[in-house]
8 protein chains.
Amino acid sequence: MNTDIRHLLENVRNGSVSVDDALARLKKAPFEDIGYAKVDMHRHVRQGFSEVIYGAGKTAEQITGIVNTMLSGGEKTVLITRLDPEKAAAVAKEIDIDYRAVPQIGIAGRVPEPDGIGKIVIATGGTSDIPVAEEAAVTAEVLGNEVLRLYDVGVAGVHRLLSNMDYINQASVIIAVAGMEGALASVVGGLADCPVIAVPTSVGYGASFGGLSALLSMLNSCASGVGVVNIDNGFGAGYLAAMINHMEAKR
Amino acid sequence: MNTDIRHLLENVRNGSVSVDDALARLKKAPFEDIGYAKVDMHRHVRQGFSEVIYGAGKTAEQITGIVNTMLSGGEKTVLITRLDPEKAAAVAKEIDIDYRAVPQIGIAGRVPEPDGIGKIVIATGGTSDIPVAEEAAVTAEVLGNEVLRLYDVGVAGVHRLLSNMDYINQASVIIAVAGMEGALASVVGGLADCPVIAVPTSVGYGASFGGLSALLSMLNSCASGVGVVNIDNGFGAGYLAAMINHMEAKR
Amino acid sequence: MNTDIRHLLENVRNGSVSVDDALARLKKAPFEDIGYAKVDMHRHVRQGFSEVIYGAGKTAEQITGIVNTMLSGGEKTVLITRLDPEKAAAVAKEIDIDYRAVPQIGIAGRVPEPDGIGKIVIATGGTSDIPVAEEAAVTAEVLGNEVLRLYDVGVAGVHRLLSNMDYINQASVIIAVAGMEGALASVVGGLADCPVIAVPTSVGYGASFGGLSALLSMLNSCASGVGVVNIDNGFGAGYLAAMINHMEAKR
Amino acid sequence: MNTDIRHLLENVRNGSVSVDDALARLKKAPFEDIGYAKVDMHRHVRQGFSEVIYGAGKTAEQITGIVNTMLSGGEKTVLITRLDPEKAAAVAKEIDIDYRAVPQIGIAGRVPEPDGIGKIVIATGGTSDIPVAEEAAVTAEVLGNEVLRLYDVGVAGVHRLLSNMDYINQASVIIAVAGMEGALASVVGGLADCPVIAVPTSVGYGASFGGLSALLSMLNSCASGVGVVNIDNGFGAGYLAAMINHMEAKR
Amino acid sequence: MNTDIRHLLENVRNGSVSVDDALARLKKAPFEDIGYAKVDMHRHVRQGFSEVIYGAGKTAEQITGIVNTMLSGGEKTVLITRLDPEKAAAVAKEIDIDYRAVPQIGIAGRVPEPDGIGKIVIATGGTSDIPVAEEAAVTAEVLGNEVLRLYDVGVAGVHRLLSNMDYINQASVIIAVAGMEGALASVVGGLADCPVIAVPTSVGYGASFGGLSALLSMLNSCASGVGVVNIDNGFGAGYLAAMINHMEAKR
Amino acid sequence: MNTDIRHLLENVRNGSVSVDDALARLKKAPFEDIGYAKVDMHRHVRQGFSEVIYGAGKTAEQITGIVNTMLSGGEKTVLITRLDPEKAAAVAKEIDIDYRAVPQIGIAGRVPEPDGIGKIVIATGGTSDIPVAEEAAVTAEVLGNEVLRLYDVGVAGVHRLLSNMDYINQASVIIAVAGMEGALASVVGGLADCPVIAVPTSVGYGASFGGLSALLSMLNSCASGVGVVNIDNGFGAGYLAAMINHMEAKR
Amino acid sequence: MNTDIRHLLENVRNGSVSVDDALARLKKAPFEDIGYAKVDMHRHVRQGFSEVIYGAGKTAEQITGIVNTMLSGGEKTVLITRLDPEKAAAVAKEIDIDYRAVPQIGIAGRVPEPDGIGKIVIATGGTSDIPVAEEAAVTAEVLGNEVLRLYDVGVAGVHRLLSNMDYINQASVIIAVAGMEGALASVVGGLADCPVIAVPTSVGYGASFGGLSALLSMLNSCASGVGVVNIDNGFGAGYLAAMINHMEAKR
Amino acid sequence: MNTDIRHLLENVRNGSVSVDDALARLKKAPFEDIGYAKVDMHRHVRQGFSEVIYGAGKTAEQITGIVNTMLSGGEKTVLITRLDPEKAAAVAKEIDIDYRAVPQIGIAGRVPEPDGIGKIVIATGGTSDIPVAEEAAVTAEVLGNEVLRLYDVGVAGVHRLLSNMDYINQASVIIAVAGMEGALASVVGGLADCPVIAVPTSVGYGASFGGLSALLSMLNSCASGVGVVNIDNGFGAGYLAAMINHMEAKR
């Protein structure tokens, strides 16, 4: 950003940009204001990743509008999370999207080739955690990562996890997705030598209190190297894992 | 109890007990009222175990009074839990007690020989959980059980637990004691073929919320065969384990 | 497990098993991977009980797939909990199941004869707790236990409980199921001389907070010998009770 | 109050009171403003009971000041609750008080003769609940009630309570004081035919969460006729019981 | 109860009752077991009030069965609370009930004439609290009380309450029903010279957390003489008020 | 109010008002009692603003009745909040209302010209917060304020906010509406030199716990000059902002 | 800020400022970095108020350092909140401060003359709330406001508040400070025609849960025109009130 | 691990290791059992990092014992966290440690040269967050990372953060440490193009609830690429950051 401002100031100095124009540019944000949203047009530049739309609180019209603004702004891939089937159908009438029903994700544009420094392993405690895990998996794939899925390896049958140590050992980053007691993160964290991103899920009943039990477990993990995201936030985990998996490529 | 009442009624019938006496006996509880406490004198008969005093909310004088009432009532062993060193010293001036400093337990009377159907294994997640584990261990020992201690086998280093599968395999009952994320209960529950009693501890900080995290984890355990007691309730776990470990001997 | 490894190692020694084969076997887990689930095939051997499927988070297709994998693997009885009527109907088209509507349980295979060391008494505080109690009861029956039902004996009319002391007295294990203030566990725990498993239910309104009130009550029970399971977890209570009721038979 | 206003208006009408005086009187509150407190001088008239000072948040000087204002205003008895021994000693230097150490209550003035319609029975679950129970007892006594104490009758030994049914039967109002699981209120509520006031106490540890467990239990009591006051609020229970016990005498 | 036992014992003594019969009677509870419920037949005798059925967790068939058992047992009035319109219609096909739609209460049998010592005033903070208030009102009426309704007098317009001081002044007991911040109980408690029963309601949104806000407010009321019941528990408040309002009549 | 009473008293003095009439007037509240509600007729006088009806807990008939009472009492504008489309349609059949679908507000009567001392800026963190923001905006407009909308300027893209510093700088009051982590209030509070009213919204999932996360954030704001209202309480924020924005006009 | 940037750009244009200097100035923040703190030097300019130091988490040395940096930067008054007596004594050795013991506030520099548009009334529910109220009062005074104190007017004796309607009526802003049930804010909010800032306090015990009860009450206030600050945050209330009370003076 | 087992199996095959020895080795865990702890001797190998001791729950003797076991096992650096000054002094008598008082960390052995792929920036919201930040900083340094400290840049003065964009821009990983509303993580997350690790602190009062407010804020961050650790868990953040910062070096 400093470079841009220096450049602008030099242009002011040499008269190629007027004071008023410079002031306007300094004020002009790198986003487009379409009324109900201020669409970020420089995110790919700023953060090195595509733009993402959280679909849950928006109408199909709003989603379509934002996607179109992005695509016409040069964005190559746009991810729409929490897109329920009805909205997806409505959006699909206007825009060409690849809709994944299990994680309720829509993808506009192309999914890039994996270019991370390694593989992202996504493990779940049970079968019911798969939708959240898939949100993480598809997010990571759209952001250019190779993903290995290791589902239903909860700690109540720890041999299922130990039998898959080759998955654990080759991971660059691991995403541990679990509800109920959420112990998977701790066990994986103790076995792995790479960063672990823990995703508590709302799977469970009674004293799971909508994922609170798993969340607290993961925050209190006695294993080191574990970071936690919000309950059911597969997207956030996939995004963070993608960032980490692109560490060496970036520099 | 029915037997007692039948006997009493027969005595009323044959005139050997008057109506007023019978009424009095029916009203007379199997406890002794010493003002600040109603000391249960039939518990050993009724539940097959010695009497226990929760020392935390009582003065040394009250404790001494209750113990003396029990001993003179024929009780052979009395357990005093949550007895801090100062009170223990004060009690010890009046009564002969065996004081265990780590679990803060006092024992009046003799510790019986183990006569359970097997061994009780007590496992902890970490070193800081040992005081609670010892409360369970001493309780179980006083109630006639052989105890195996398996400390510092938390799930962040699951190989420490797996290397001690012989402990797990020979257990009649297992008590899993852990704070922080409390995952030990689930992993042990999945490995063991016997009842597991889970004791959450208040070990931890921040989002452990005084043991709430471990408690919720244990209640939501995805392993079957796990019962949970209150946070830091080593005594309760030891007592329940002792009951279970005396199942076959009792009949 | 040690025995198996020893045997394998001896075969490696005598050449009847190659190093590569041994390595493969050591890695090969005692489960079958059917994509969305890793079905545990050795559980009956390892824990002495049949396999159980938690139906709530799975599709009818997934449930059918897992049951078939189990049955073809030699399992004689499979329990499916939290199976709502719609899913049950869908599953019943593919597999022969015995569906119990009140506890929403499906049973594939045969229910064994009771072979425990005694009877399991299941008590409820009220009529509304019956579905949870039945989940416990059917679970215990499927696991080979005789069950006595003692329903609607809540503590607000303690004479209803006292009039049934013969139930309490002959129990090997008692399961106390109650919502609202959950006091049943404490009163039963004080009357009984056997382990009590407390099941809080979500019955109630307002400050019952979905079962939290009963859960906290039961965890804080002033009676000894009480273990608690998750809110509405009838299955867990039935399973643990079955384990305890098979203590002496097992050795 | 209407009567007073009518009287005042009539005096305005007949000229014996000026408009300004009437306005001033209408504004003049029935309390005395001593800077840090507005002391209620008409409470005895308005509510039929003596004035009470909550000592916890006030200095000894403030307490002394308020008591003196009251006594010189004609109050015959003043109750000071939550008065720790240090403050009590400081207050006692200035005013003649009767200090009760267990409930930490100071009484200035005389304790009246009981004049209620019956007896107030105060029951506790355990020995540790006695200080709260005594706060209720002394409050009730100061407000003119006969009090029967029935301590250590917790539900884990329900025979202790049943053996004292004569206490329960002769009560006009019952105050049930209990910590931990707080089940006493429900059991007493089911046995008694009079109003029950439930006082949760902070006695307990772990998941008692400072009395929350007992509070929720009591609010969810399945027994009818139970009203609940704040955790450890012995005073509130004693006051409400006194009001109820003076129902018939008052009219 | 003692009287009954004494009588029974005397009959045993004089031979008019055999030991076995006496034993059976002592065991025989004053309830009728109809499978899914143990219907209390002596409650009117024991507590001086009619029986009440909590309709929420029961089927129409169960409710009909319980009502019939009661009526044939001599009960003159049966109250069914939390009876939604569908169940009410189903019950009404079998039994003659008076259904009140606002509080969702059904009444089988006759409503008695008021015979309390005074009037019960029921005040609400707003219009939305009326259904809970009506549950209290109808309960109190069915239990023989005259009820005055004082609705929509919340503290944000305290003049509405002050203008109705004649209601407050003539009350024997006041029931204060309020959601949101629940301040009504404190203000009423300060103005009234009679017991106040506070009923928090789940009216509100956001940080009212389903009535928790009002509940905590009422428990922490700085006014004396206030007892609290569960959130939305109009029945409980009406029942307790009725008990208090019959204090003098009873003795 | 004093003025009114003085005037009344003077009339009593000079005989133009009788004592009984004066008493009646003193008792007569400035509201109209229409059974289910006590409609405040003097609010405009007392608080300088129009009357507001909280539509959520009322039937269309009740709403219509209250509005009519107000309008016939001389009220020029009546705001109905939380009015869902169905009720709005029913009300619209009886009364002429201007219905705003996004904030679910109905307006009866005319919207006045802005007459505040400045502008009210309403900022939102995201698109999903708009309905709550519009409730604030319409409320403020109905109460005579000019409103500037600054939507979707959440702190994850802080340049969107900084690019609109001219909005911030010209505000008289700012309303910051945000869910999830609710950080908008702190950032805005640090940038602005005017009062900030923070409105947490229930937008979010998982550990947002229905707006609790945003609420706690806003209460703990490290910026000074921030007041918080209830979760989703756009009306409350608009009302308070309007009060503040009319400070100088009022005197 | 725009003005500054425009001015800077014009200087770049006319050559009086070099590009590098302009870049440096644009980067140079209006604060001074003293290692452990970045002291805001432009706050008075930016927000129109003096700087404030939150003393709780800082050492006496750090506080002294920050104050000196401010005073030498031209600040005329510096407020230090949460300054316990020990730290105050240590700070007073280095800097001349006016220390107020009740609210634990230190003032360096002079307290300005009141120049607000009206008076700020600060009301408390009880005597124990006074320290928090004084924090608000002194803050407001230091920020140039006249403050009226109206202490111990809690709603349990609502006549104490009504007798002081002249305070309420002349207020420009009211700060309502209350613990326990926190109802003061609602009652004051209903009586007043000016903004009300509600400050929950941690005064209370048991279910007040450290001020949570009062906080929730205030957030759910049924009165309009109420904004809430953090528990015990007297400073925040005083600051916001001061801002509101300077609305007209500022423009 | 597979390599080791293969090697062992080959030795069994060729007879250089007996079956019993192999069995023993397979059982022998890579830790040393010193009674109260099972010291992990292979962690450096397994996870590429030094061993860490959580000092809070251990005695000085236990800490000394564990450190000695490690050092004699070849460990070059041992980190002891949560080591209060008293324990540190006791440990220092036995072992040569470098004690850092602010974060309460002891270091035995040497701090390695930084060898990560970039720099770790540690930002705090305020001065009071520094101890937690230093725990993160020292942990990261001991694990071979260059650390940049950016303290007191909370969002209430967002210009302090924006003025330091050069810190943000050059970071490989950022650790955002903040209490109160915890908004720093979101703002930093939106500005940075690298992974952000958020550490909520317990700094604050009232509704910060011991760090809960900041924790929830950070979990709900609307910025992507943010992982959260436990409240006050500076160590965990430093460890995870170190792992991420060594991603490229490791392969």
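**Cysteines and a chain contact**

Mentor: E:Cys222 is partly exposed, with 31% relative accessible area. Keep in mind that this is a predicted model.

Trainee: Why is E:Cys222 called partly exposed?

Mentor: Partly exposed lies between the cut-offs of 20% and 50%, and E:Cys222 has 31%, so the label fits.

Trainee: What makes E:Cys194 count as buried?

Mentor: Buried means under 20%. E:Cys194 has a relative accessibility of 2%, so this residue counts as buried.

Trainee: How do you know that E:Cys194 has no disulfide bond?

Mentor: Good one! A disulfide needs sulfur atoms within 2.5 Å. The closest cysteine sulfur to that of E:Cys194 belongs to E:Cys222 and is 17 Å away, so it is too far for a bond.

Trainee: And why is there no bond for E:Cys222?

Mentor: Its closest cysteine sulfur is in G:Cys222, at 15 Å, which is also too far for a bond. Over all chains, the structure holds zero disulfides.

Trainee: Let's turn to chains D and E. How many salt bridges does the rule find across their interface?

Mentor: The rule finds zero salt bridges between chain D and chain E. There are, however, three residue pairs in polar contact, both residues at pLDDT 80 or more.

Trainee: What makes up the side of chain D that touches chain E?

Mentor: Its residues divide into 17 nonpolar, 11 polar and seven charged. Chain D brings 35 residues to the contact, and chain E brings 35 residues too. The area buried between chain D and chain E is about 3100 Å², with 55% from carbon and sulfur atoms.

Definitions and conventions
Residues are numbered from 1 along each chain as its sequence is written. Chains are lettered from A and ligands numbered from 1 in the order in which they are written. This is a predicted model: local features need pLDDT of at least 70, side-chain atom pairs count only at pLDDT 80 or more; totals for chains, interfaces and linings use all residues. Side-chain values use heavy atoms; hydrogens and water are left out. Contact means heavy atoms within 4.5 Å. Buried area is the accessible area (1.4 Å probe) that two parts lose on being put together, summed over both. A salt bridge is a side-chain nitrogen of Lys or Arg within 4 Å of a carboxyl oxygen of Asp or Glu. A polar contact is a pair of N or O atoms within 3.5 Å; within protein, one must be able to donate a hydrogen and the other to accept it, and residues adjacent in sequence count only if both atoms are side-chain atoms. Ala, Val, Leu, Ile, Met, Phe, Trp, Tyr, Cys and Pro count as nonpolar, Asp, Glu, Lys and Arg as charged, and the others, Gly among them, as polar. Buried means under 20% relative accessible area, exposed over 50%, partly exposed in between (1.4 Å probe, protein chains only).
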